[in-house]
Amino acid sequence: MKLFYTPNSPYARIARVVIIELNLCVGVARRRHRIETQKVIARDPNSDLLNYNPTGKVPTLATDDGFILSETRIICAYLNHLNPEIKLVADISNGFLQQLEGMTGGFIDGIAVWVRELRRPHNEQSPGVIEFERERALRILDYFEKISDKLDQTPKLAHITLASALGLEIRLPDLQWRQKYPKLAHWYDEFSKLPSMQATKPES
């Protein structure tokens, strides 16, 4: 199996962390399913990725069964199926984690829109979009700060998604969230020490 990724995609980072946490990396002993990772260039008409996935989106997982999986949660659920002994993706048995997955998914989507908008030429940026995403991010950060005592260091898809979103601070200096949300900042700094998070840090 092969996972296509770009090193600075927060969505691809989630899948890469999940692969590591599930012990599905190439070279891991006694594991029938192993995932090879291949770095690609996004938004390139000559990218090898387009031979597999016409959407050109990362992450993309090419399975041994011949399926091409897109969308991060679908990929992570499939990966978890390969090693169900470690439960990373929430199911109906854990309502809180399902709620958290939804919140973290909305958070990373909004942050990604904000980052992409700021990449546009200044005269093409939408102040309305930027302000909307800023306000949404702050609302969600308020929520995470309030429930920070319920966030532990056990890798779950929700935690990995939240940490990957907060990691976008290096590309979004306007957010300035750490001082206002000290409990969340502490959780993030500790979670970021996981070997899987260290191994998937975005390129500078």
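Analyst: In describing the residues that line an opening, Ala, Val, Leu, Ile, Met, Phe, Trp, Tyr, Cys and Pro count as nonpolar, Asp, Glu, Lys and Arg as charged, and the others, Gly among them, as polar. The structure considered here is a predicted model.

User: By class, how many nonpolar, polar and charged residues does the lining of the second largest pocket have?

Analyst: That lining has three nonpolar, three polar and three charged residues. The residues concerned are Arg13, Gly167, Glu169, Ile170, Tyr188, Ser192, Gln198, Lys201 and Pro202. The volume of this second largest pocket is about 160 Å³.

User: What volume does the largest pocket have, and which residues are the closest to its centre?

Analyst: The volume of the largest pocket is about 840 Å³. It is lined by 33 residues, of which Ser9, Pro10, Tyr11, Val58 and Arg116 are the closest to its centre. Two or more lining residues come from each of helix H1 (10-21), helix H2 (72-82), helix H3 (95-119) and helix H5 (157-166). H3 supplies the largest share, ten residues. Sorted by class, the lining of the largest pocket comprises 13 nonpolar, eleven polar and nine charged residues.

User: How is a cavity to be distinguished from a pocket, and how many cavities of 30 Å³ or more does a search of the whole structure find?

Analyst: A cavity is a set of points where a 1.4 Å probe fits but cannot get out, whereas a pocket is an open set. In this structure, the search finds one cavity of 30 Å³ or more. The largest cavity has a volume of about 40 Å³.

User: Which residues line the largest cavity?

Analyst: The lining consists of Pro7, Asn8, Ser9, Pro10, Arg13, Ser164, Gly167, Leu168, Arg171 and Pro202. By class, four of these are nonpolar, four are polar and two are charged. Arg13, Gly167 and Pro202 also appear in the lining of the second largest pocket.

User: Turning to a single residue, is Ala163 buried or exposed?

Analyst: The reasoning rests on a cut-off: buried means under 20% relative accessible area, and exposed means over 50%. Ala163 counts as buried because its relative accessibility is 0%. Ala163 is located in helix H5.

User: Which residues does Ala163 touch, not counting residues up to four places away in sequence?

Analyst: With those residues left out, Ala163 touches Trp187, Tyr188, Phe191 and Met197. One of these, Tyr188, is also among the residues lining the second largest pocket.

User: How far apart are Ala163 and Thr104 in sequence and in space?

Analyst: Ala163 and Thr104 are 59 residues apart in sequence, while their C-alpha atoms are 9.0 Å apart in space.

Notes
Residues numbered from 1 in each chain as written. Predicted model: local features only at pLDDT ≥ 70, side-chain atom pairs only at ≥ 80, totals over all residues. Heavy atoms only, no water. 1 Å grid on protein atoms, 1.4 Å probe; cavity = no way out; pocket = protein on both sides within 12 Å on 5 of 7 lines; lining within 4 Å. Points joined across faces, edges and corners; volume = space filled by probe spheres on them. Helix = DSSP H or I, 4+ residues; strand = E, 2+ residues; numbered from the N terminus. Buried < 20%, exposed > 50% of the residue type's maximum accessible area, 1.4 Å probe, protein only. Contact = heavy atoms within 4.5 Å.
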